[in-house]
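Biologist: Before we go through this one, I want the terms pinned down. Take me from definition to value each time.

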Amino acid sequence: MTQQIYEYKDDQNWFIGEMVGHNSIAWLGNEHQIDGPLEEINRVIDKAVGIDVFSEEEWNHPRGYRLTVVKCVSHFKLIDFILKMVNENLNRQLKAKQHKEAILIIEKDQLLTVHLPDGGIEVDHFFGTGMSDFGDKLLIATHNEGKVKEFRKMFASLGIEVESLNDYPDLPEVEETGMTFEENARLKAETISKLTGRMVLADDSGLKVDALGGLPGVWSARFSAPEPTDAKNNAKLLHELAMVLEQEDRSAQFHSTLVVAAPDKESLVVAADWPGYIAFELKGEDGFGYDPLFLVGETGRTAAQLSPEEKNAISHRGLAMKKLMEEFPTWQNKH
């Protein structure tokens, strides 16, 4: 029977693993780099799995993991990769969560062990939000529950709890006076972060229609002002394109810029586009905003006809989130 090979690869990380022999992590090509952090990660996971790295039992463990690290920037992704192999093969429910610069390994409601960065973490910094808070909370700077629902699904894999401005009714509205998506996203994220002292994510997204010179763009949510609604925005868009009769001339892109801000840190900024076309009529019941009019590529389906999972995998926000997830752990660990 062929042993299953597991692999994870992105721009900054590349791991190859299998469940065989004793637990071990090797760094491809540079053996000296096995010292320090990787050995510590190995010990942390051994403790969580219940195997003593120095015991004779560990060397005879029939279903341990063997991992080769080609490159590694995110220790969180490395640990998460190993735990997923262990869970699949040993019927465990281990989960990695980030808290401050530490990585916590949890199973069900039990905290099993903690991986700390070199030099440790100041106690006041680690327990600043309360000793029972084992997952950083991220405040999404929006009242739009459709967006919040998408972000909540996306951040669940990092063990981060998502809140929205609906949880903080006393916070003031931040006026979006920027002329670009990034300017507006920065305004929201950085202003709310300063007011709350919290880590805040703001998304400024919109629809750019080529036949309208990029409109509605940053004014997408306010396209039918003075009292805009999704229905009114969609009606106005159809009206503006009434004389554009060929589908190929109704090309458009959904755009998303994400900004994460935190006190005393340089903000993290990522962006992505989702190409498509504007339909001649609304189709689909899911999604929000312009989703019922946005034809996804050449599929003939609108964004409102996709399941949340399908949409998150290919949408402008999903693509931007993929970039964010690649950069977020490294950014979060910077002082």
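Modeller: Then start with the pocket. A pocket is an open set of grid points with protein on both sides within 12 Å along at least five of seven lines, and its volume is the space filled by probe spheres set on the points. Bear in mind that this is a predicted model.

Biologist: What volume does the largest pocket have, and which residues lie nearest its centre?

Modeller: The volume is about 780 Å³. The lining counts 33 residues, with T142, N144, K147, E176 and A221 nearest the centre.

Biologist: What makes a residue part of that lining?

Modeller: An atom within 4 Å of a point. Strand 10 supplies the largest share, 5 residues. Helix 6, helix 7 (230–240) and helix 9 (316–332) each give at least two as well.

Biologist: Why is strand 10 called largely enclosed?

Modeller: Buried means under 20% relative accessible area. In strand 10, 9 of the 10 residues are buried, so the rest of the structure largely encloses this strand.

Biologist: How do you know which strands pair with strand 10?

Modeller: Pairing needs at least two bridges. Strand 10 (residues 200–209) and strand 11 (residues 251–261) share 10 bridges and run antiparallel. Therefore they count as a pair under the two-bridge rule. D204 has T257 as its bridge partner, and L207 stands opposite F254. With strand 8, strand 10 pairs in the parallel sense over 2 bridges. That just satisfies the rule of at least two. There, L139 has V200 as its bridge partner.

Biologist: What makes the sheet mixed and open, and which strands are at its edges?

Modeller: Its 6 strands follow the order 9-8-10-11-12-13, with mixed pairing in an open sheet. Strand 9 (161–164) and strand 13 (294–296) are the edges, as each pairs on one side only. The twist averages 35 degrees from one strand to the next.

Biologist: Where does helix 6 lie?

Modeller: Helix 6 (residues 181–196) lies across strand 8 (137–140), strand 10, strand 11 and strand 12 (268–278). Its angle to strand 10 is about 160 degrees.

Biologist: Why is a set of residues called a nonpolar core?

Modeller: Because its members are buried residues of the listed nonpolar kinds, joined through side-chain atoms within 4.5 Å. The largest such core has 27 residues, and I45, L67 and L78 have the most contacts inside it. Helix 3 gives the largest share, 8 residues. I45 touches Y65, I79, I82, L83 and I105, leaving aside residues up to four places away in sequence.

Key
Residues are numbered from 1 along each chain as its sequence is written. This is a predicted model: local features need pLDDT of at least 70, side-chain atom pairs count only at pLDDT 80 or more; totals for chains, interfaces and linings use all residues. Side-chain values use heavy atoms; hydrogens and water are left out. Buried means under 20% relative accessible area, exposed over 50%, partly exposed in between (1.4 Å probe, protein chains only). Helices (H or I, at least four residues) and strands (E, at least two) are DSSP runs, numbered from the N terminus. Contact means heavy atoms within 4.5 Å. Axes are lines fitted to C-alpha atoms, for helices over the stretch in contact, and angles run from 0 to 180 degrees between N-to-C directions. On a 1 Å grid over the protein atoms alone, a cavity is a set of points where a 1.4 Å probe fits but cannot get out, and a pocket is an open set with protein on both sides within 12 Å along at least five of seven lines; lining residues have an atom within 4 Å of a point.
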